[in-house]
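Visitor: Could you take me on a close look at the central sheet, and at what is packed around it? I'd like one connected walk rather than a list.

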Amino acid sequence: MRLNAPFSLPEKTVEYFPILWYTSVKPINGAGAILPGGRTDGMNIFVCIKQVPATNKVQVDEKTGVLKRGGVASKMNPYDLYALETALRLKEAHGGRVTVGTMGPPQAQAIIREAYMMGADEGYVFSDRRLGGADVLATSYTLSQAIRSVGDFDLILCGRQTTDGDTAQVGPAIAEHMGIPHAAWVSRLTVRGDGVDAEQQLQDVIETVHIPFPCLITVEQDIYMPRLPSLKTARQIRDKEIHIQGLDSFLDTDESHYGLSGSPTQVERIFPPETDREHEVWTGPDSADRLREQLRKWKFI
Ligand SMILES: Cc1cc2nc3c(=O)[nH]c(=O)nc-3n(C[C@H](O)[C@H](O)[C@H](O)COP(=O)(O)OP(=O)(O)OC[C@H]3O[C@@H](n4cnc5c(N)ncnc54)[C@H](O)[C@@H]3O)c2cc1C
């Protein structure tokens, strides 16, 4: 965690200091980002988005353990809408570009178009038969290679998790493959100096960390309310190109690192996790007394 000043003060310190001080403590995405290489052309942001079934009643293939996606309507993973909204707001505050990308079948172009309608500048579908059957490790490795093949990014944003695979591991794993720092479950993000202050909602505590660019963040749903796709933009982006890239565009073209052959895990069974947490529900007028009694018993008060 770094707490040093995010900027150097101008020479007229006394005159300007109060304004700068106010800017530094107010949690807005204000100016002042110090980008890698001293660039001043705005933030280069990549958002990972995934197409998921538009229903929570997807069945699992008993033999392979893989979700049966055929014939099921699809949508953008809801958490990725929050990641995209965060990227668009950062771009509005700092300038720059927002690129979105998904690993999936060619039909995943639909969510790229949706992202264009929200304001994304560029979109990629990483689609290749050789990428099929990927587990989390292979998926995150593919995305790390894919992102690298597109360009250098100051910030990579992911949703906290998907509503189908649901592992919440892909974002942090991409960061590991790329060798960059990350923070997960972030509900508040502020650009400060050479990086971001990320407020993470951990299980029992809220923690704020400062991590330098380039970095990866996975966001929670309460970070920002996603904007609606604009009809005006829909007309403007009707013919906007969606880039489709396969394994051959990656730096590492070794097929054994991708898809089923690059996946060390196999799904044996899918089931809700067991929990050892007990709970009681108290209702009625004596609930407060019972709660006080219980807290005393546990020595909390
Ligand atoms: C053995 C095995 C075989 C599998 N075979 C298949 C298969 O054939 N077809 C299939 O569709 N799935 C398959 N899966 C599931 C697949 O591995 C997961 O869907 C994938 O790893 C993403 O994990 P997740 O959905 O839990 O993502 P999470 O970790 O929950 O997602 C977090 C965030 O990462 C980003 N993200 C995740 N996935 C993508 C993506 N594809 N593109 C862009 N961004 C993304 C998003 O920002 C998302 O919000 C298989 C899994 C296993 C274990």
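Guide: Two strands count as paired here if DSSP finds at least two bridges between them. With that in hand, start in the sheet of this predicted model: strand β1 (residues 43-48) runs parallel to β6, and the two share three bridges. Across that pairing, V47 sits opposite L157 in β6.

Now step back to the whole sheet. It is open, has nine strands and mixed pairing, and reads β9-β8-β7-β10-β6-β1-β4-β5-β11. At the edges are β9 (206-212) and β11 (243-245), each of which pairs on one side only. Ignoring direction, neighbouring strands are turned by 30 degrees against each other on average.

Next, the helices lying on it. Helix α3 (residues 109-118) packs on the sheet and touches β4 and β5 (122-126), its direction making about 165 degrees with that of β5. Then there's α4, which also packs on the sheet, touching β1, β4, β5, β6 and β11; its direction makes about 145 degrees with that of β4.

Back to V47 and L157, since both turn up again in the largest nonpolar core. That core holds 67 residues, and the ones touching the most other members are I45, V47, L84, I156, L157 and I217. The biggest contribution comes from helix α2 (residues 78-94), with eight residues. In soluble globular proteins, nonpolar side chains tend to be buried together. For a closer view of one core member, try I217: beyond its neighbours within four places in sequence, it contacts L155, L157, H182, A183, V186, L189, V196 and A198.

Strand β6 has another role in this picture, at the ligand. At least two residues of the ligand's shell come from each of α2, β4 (96-103), α4 (136-150), β6 (155-159) and α5 (170-178). Altogether 34 residues surround the ligand, with C158, G159, G165, T167 and V170 the closest. By type, the shell splits into 13 nonpolar, 16 polar and five charged residues.

Finally, set the sheet in its surroundings. The protein has seven helices and 11 strands, and 35% of its 301 residues count as buried. Of the contacts with a separation of 6 or more, 70% are between residues 24 or more positions apart. If you want one spot to keep on screen, I'd pick the β1 and β6 pair, with its three parallel bridges and V47 facing L157.

Definitions and conventions
Residues are numbered from 1 along each chain as its sequence is written. This is a predicted model: local features need pLDDT of at least 70, side-chain atom pairs count only at pLDDT 80 or more; totals for chains, interfaces and linings use all residues. A nonpolar core is a set of buried Ala, Val, Leu, Ile, Met, Phe, Trp, Tyr and Cys residues joined through C-beta atoms within 7 Å. A residue is buried if 20 or more other C-beta atoms lie within 10 Å of its own, exposed if 12 or fewer, and partly exposed in between; C-beta atoms are placed from the backbone. Helices (H or I, at least four residues) and strands (E, at least two) are DSSP runs, numbered from the N terminus. Two residues are in contact if their C-beta atoms, placed from the backbone, lie within 7 Å. A residue is near a molecule or strand if its C-beta atom, placed from the backbone, lies within 6 Å of it. Ala, Val, Leu, Ile, Met, Phe, Trp, Tyr, Cys and Pro count as nonpolar, Asp, Glu, Lys and Arg as charged, and the others, Gly among them, as polar. Axes are lines fitted to C-alpha atoms, for helices over the stretch in contact, and angles run from 0 to 180 degrees between N-to-C directions.
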